[in-house]
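Student: I am new to this structure and would like a close look at a single part of it. Could you walk me through that part and show me how it connects to its surroundings?

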Amino acid sequence: QVHLVESGGGLVQPGGSLRLSCVASGSISTYAMGWYRQAPGKEREMVATITHGGRWTDYADSVKGRFTISRANAKNTVYLQMNSLKPEDTAVYYCNRDLKYDSFGWGQGTQVTVSS
């Protein structure tokens, strides 16, 4: 079973950028993957997903045009480039298998805080 470790979060000002990384314990080359986030008091939501080879991507309407999901299967890694960050993006960000198919379970996530 694959285990995932997220990193790259932090405190940034509105309009700033962060690049999140998700490193898997084994090969993820056959799995569609996704980034999910959960803010305090709110339900977890899908942020972005990417097919197993990186050919197609999907994004929540709230992040389209600002976030980019990508993957490096040779490194067992998925990335989320976040630009033009807004306070509403503040959340714990998690990676996982694309939940349309299955779940690897949830790791510790990485905190993203957007504040001036």
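Tutor: Let's start with the open sheet of four strands, which follow one another in the order β1-β3-β8-β7 with antiparallel pairing. Please keep in mind that this is a predicted model. The edges of this sheet are taken by β1 (4-7) and β7, and each has a single partner strand, so one side of each is left without a neighbour in the sheet. On average, neighbouring strands here are turned by 15° against each other, direction ignored. At the β7 end, six bridges hold β7 and β8 together in the antiparallel sense. One place to find this pairing is isoleucine 69, whose bridge partner in β8 is leucine 80.

Now follow the chain out of β8. Between β8 and β9 runs a loop, and aspartate 89 sits in it. This is the residue I would like you to look at closely. Is aspartate 89 buried or exposed? Its relative accessible area is 2%, and a residue under 20% is classed as buried, so aspartate 89 counts as buried.

What does aspartate 89 touch, leaving aside its neighbours within four places in sequence? Its contacts are Arg37, Val63, Arg66, Phe67, Val112 and Val114. Closer along the chain, the side chain of aspartate 89 also reaches the backbone nitrogen of lysine 86, at 2.8 Å.

Two of those contacts carry charge pairs. The first is a salt bridge between the side chains of arginine 37 and aspartate 89, with 3.0 Å from N to O. This pair links distant parts of the chain: arginine 37 belongs to strand β4 (residues 33-38), aspartate 89 to the loop between β8 (77-82) and β9 (91-97), and they are 52 residues apart. Arginine 37 is buried as well, with a relative accessible area of 5%.

The second is a salt bridge from arginine 66 to aspartate 89, where the closest N and O atoms are 2.7 Å apart. Here too distant parts of the chain are linked, since arginine 66 lies in the loop between β6 (57-59) and β7 (67-72), 23 residues from aspartate 89. Arginine 66 and aspartate 89 are both buried.

Arginine 37 has a further partner. Its side chain meets that of glutamate 45 in a salt bridge of 2.7 Å, N to O. Glutamate 45 is partly exposed, at 33% relative accessibility. Which residues end up in one network through shared salt-bridge partners? They are Arg37, Glu45, Arg66 and Asp89. For context, a search of the whole structure finds six salt bridges.

Just after the loop comes β9, which is mostly covered: seven of its seven residues are buried. On one side, β9 is joined to β4 by six bridges, and the two strands run antiparallel. Among these pairings, glutamine 38 has valine 92 of β9 as its bridge partner. On another side, β9 pairs with strand β10 (residues 110-114) over three bridges, again in the antiparallel sense. Valine 92 stands opposite glutamine 111 in β10, while alanine 91 has valine 112 as its bridge partner there. You have already met valine 112, as one of the contacts of aspartate 89.

These pairings belong to a second open sheet, made of six strands in the order β2-β10-β9-β4-β5-β6, with mixed pairing. Its edge strands are β2 (10-12) and β6, each of which pairs on one side only. Neighbouring strands of this six-strand sheet are turned by 25° against each other on average, direction ignored.

Finally, let's see what ties the two sheets to each other. A search of the whole structure finds one disulfide. In general, a disulfide is a covalent bond between the sulfur atoms of two cysteines. Here the partners are cysteine 22 and cysteine 95, with their sulfur atoms 1.8 Å apart. Cysteine 22 lies in strand β3 (residues 18-24) and cysteine 95 in strand β9, so the pair ties together parts that are 73 residues apart in sequence. The strand β3 is a member of the four-strand sheet, and β9 is a member of the six-strand one. The torsion about the S-S bond is about 70°, so this disulfide is right-handed. Both cysteine 22 and cysteine 95 are buried.

Notes
Residues are numbered from 1 along each chain as its sequence is written. This is a predicted model: local features need pLDDT of at least 70, side-chain atom pairs count only at pLDDT 80 or more; totals for chains, interfaces and linings use all residues. Side-chain values use heavy atoms; hydrogens and water are left out. A salt bridge is a side-chain nitrogen of Lys or Arg within 4 Å of a carboxyl oxygen of Asp or Glu. Buried means under 20% relative accessible area, exposed over 50%, partly exposed in between (1.4 Å probe, protein chains only). Two strands pair if DSSP finds at least two bridges between them. A polar contact is a pair of N or O atoms within 3.5 Å; within protein, one must be able to donate a hydrogen and the other to accept it, and residues adjacent in sequence count only if both atoms are side-chain atoms. Contact means heavy atoms within 4.5 Å. Axes are lines fitted to C-alpha atoms, for helices over the stretch in contact, and angles run from 0 to 180 degrees between N-to-C directions. A disulfide is a pair of cysteine sulfur atoms within 2.5 Å.
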